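Visitor: I'm new to reading protein models. Could you walk me through one, feature by feature?

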Amino acid sequence: MEMMDYIKEQPAVLQHILDDRKNVSERFSDIFISEKPDRIYLIASGTSRNATKAAAAFMEKFLRVDTIPVSSTGAVSFNGKKPLLIYISQGGNSTNTIEAIERNKGLLSIAMTGNPKGVVNTLCSNYIEIPCGEETAGPKTKGYTSTILQLYIFAIETSLKCNYIDSVSYSNIIKDIECSIANINKNIELSMNWMKTNEEMLKSMKAVYIAGKGISYPIADESALKIMETLLIPAFGFEFEEYLHGPSCSIDSNVAGFYFLPDDEKDKERVEKLAAYHREQNKAAFTIGGDQAKDSRDLALQLSRNIFMRPFEYIIPIQIISASIPALIDVEGVGMKRFKALDDILKTKAKRD
């Protein structure tokens, strides 16, 4: 299977997780309610880490516990009297995540992977599967959205059991998730058409800046990773306000841009102004989001009313670009070959006996 196949699998995979949410969340809820952690640390690398950054605010809101995403190499000390460490690795074999678990033996932990045979699974006292299936194409797509949704499900199901939210609020969130999942196929179609319209500019990109505000910031990080893994060009994700404090000065004719539009009208206007400025330096500056396109470089998507659903919506066009453009610039599959070559040298993935 190729990357596009996994992109198109996302609606079915996410719907399955949502439909099976009681079973998916049961083990986490039991641990949370019985152990009463006062901090949650989400520990991961790569796409899994970007998923934790996208999910952390949602979890913190509904579980009422500080929820902190941490890189596997940065997982060296933890605050709180009773922290819960959740180690996330879709493939289950990331060596830096394994090293983090070994460093922190004795602390309450959960391994969360998409591979029932992963090494990580055997090292924690608790294991919860990410039920998204294998993804052999290299750059992860359905693994990203599945991890976010599963963490969301942990939070809302546990919040309901703890009486932090009532049944009406719970039902509304479920409806928002259902809406976002239902929109994916249409957003794939919209993204494909938008990509084809802008194909020549996308093919000519030499470097990319991606900016998002609020919930869109971690999506920018995952977007940058996808572009680097597939198009093999430098890409950088920025929080929009921080982007204005220096990095935006380096926009020039060699730098393309993607701007995720916020829901707030005032913020949206500011992002659009920066995108317009970028287009004066390089025509390959695109906006994603909003309810209408003012320019062929603008992509309007079908969006849920809930901003926490943006990771399932805004990532789609970047996934489409990452799956489609490499073949047009003769680098299809090159990133995966380079990753495997580096893995042979640096051993980023462990092998289970």
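Guide: Happy to. Keep in mind that this is a predicted model. Let's start with a pocket and sort the residues of its lining by class: here the lining of the largest pocket has eight nonpolar, 19 polar and nine charged residues.

Visitor: What is the volume of the largest pocket?

Guide: About 1,200 Å³. In total 36 residues line this largest pocket, and those closest to its centre are G138, K140, M336, F339 and K349. You can also ask which elements supply the lining: α3, β3, α4 (95–103), α8 (216–230) and α12 (334–346) each give two or more residues to it.

Visitor: Which element gives the largest share of the lining of the largest pocket?

Guide: That's α12, with seven residues.

Visitor: And what about the second largest pocket: what is its volume, about?

Guide: About 330 Å³ for the second largest pocket. Its lining is made up of 17 residues, and M3, A137, A323, E332 and G333 are the ones nearest its centre. The elements giving two or more residues to this lining are α1 (3–19), α8, α11 (310–328) and α12. Sort the lining of the second largest pocket by class and you get 10 nonpolar, four polar and three charged residues.

Visitor: Now the sheets. In what order do the strands of an open sheet come?

Guide: To read a sheet, walk across it from strand to strand. One open sheet here has five strands, in the order β2-β1-β3-β4-β5, and the pairing is parallel. At the edges sit β2 (67–71) and β5 (127–129), each of which pairs on one side only. As you walk across, the twist averages 20° from one strand to the next.

Visitor: How many bridges join β4 to β5?

Guide: Three bridges link β4 (residues 109–113) with β5, and the two strands run parallel. To find one of these on screen, pick T113: its bridge partner in β5 is E129.

Visitor: Which helix lies across β1, β2 and β3?

Guide: Look for α3 (residues 46–63). This helix lies across β1 (39–44), β2 and β3 (83–89), and it runs at about 165° to β2.

Visitor: What is the strand order in the open sheet that contains β7?

Guide: That open sheet, also of five strands with parallel pairing, goes β7-β6-β8-β9-β10. Its edge strands are β7 (235–239) and β10 (298–299), and each pairs on one side only. Further in, five bridges join β6 (residues 207–212) to β8 (residues 255–260), and these strands run parallel. Try Y209 as a landmark: its bridge partner in β8 is G257. Lying across β6, β7 and β8 is α8, which runs at about 180° to β7.

Visitor: Let's zoom in on single residues. Is N121 buried or exposed?

Guide: Here you compare the relative accessible area with a cut-off: under 20% means buried. N121 has 9%, so it counts as buried. You'll find N121 in the loop between β4 and β5.

Visitor: Which residues is N121 in contact with, leaving aside its neighbours within four places in sequence?

Guide: They are A111, T113, N115, P116 and Y127. You've met T113 already, as the bridge partner of E129.

Visitor: Why does C179 count as partly exposed?

Guide: Partly exposed covers the range between the buried cut-off of under 20% and the exposed cut-off of over 50%. C179 counts as partly exposed because its relative accessibility is 33%. This residue lies in helix α6 (residues 167–197). You can compare distance in sequence with distance in space, too: C179 and K22 are 157 residues apart in sequence and 19 Å apart in space, C-alpha to C-alpha.

Visitor: What about backbone angles: what is phi of R64 near?

Guide: Near 60°, which is a positive value in a residue other than glycine. R64 is in the loop between α3 and β2. With a relative accessibility of 56%, R64 counts as exposed.

Visitor: And where is N163?

Guide: In the loop between α5 (142–161) and α6. N163 isn't a glycine, yet it has a positive phi of about 60°. Its relative accessible area is 66%, so N163 is exposed.

Definitions and conventions
Residues are numbered from 1 along each chain as its sequence is written. This is a predicted model: local features need pLDDT of at least 70, side-chain atom pairs count only at pLDDT 80 or more; totals for chains, interfaces and linings use all residues. Side-chain values use heavy atoms; hydrogens and water are left out. Helices (H or I, at least four residues) and strands (E, at least two) are DSSP runs, numbered from the N terminus. Buried means under 20% relative accessible area, exposed over 50%, partly exposed in between (1.4 Å probe, protein chains only). Two strands pair if DSSP finds at least two bridges between them. Axes are lines fitted to C-alpha atoms, for helices over the stretch in contact, and angles run from 0 to 180 degrees between N-to-C directions. Contact means heavy atoms within 4.5 Å. On a 1 Å grid over the protein atoms alone, a cavity is a set of points where a 1.4 Å probe fits but cannot get out, and a pocket is an open set with protein on both sides within 12 Å along at least five of seven lines; lining residues have an atom within 4 Å of a point. Grid points are joined across faces, edges and corners, and a volume is the space filled by probe spheres set on the points. Ala, Val, Leu, Ile, Met, Phe, Trp, Tyr, Cys and Pro count as nonpolar, Asp, Glu, Lys and Arg as charged, and the others, Gly among them, as polar.
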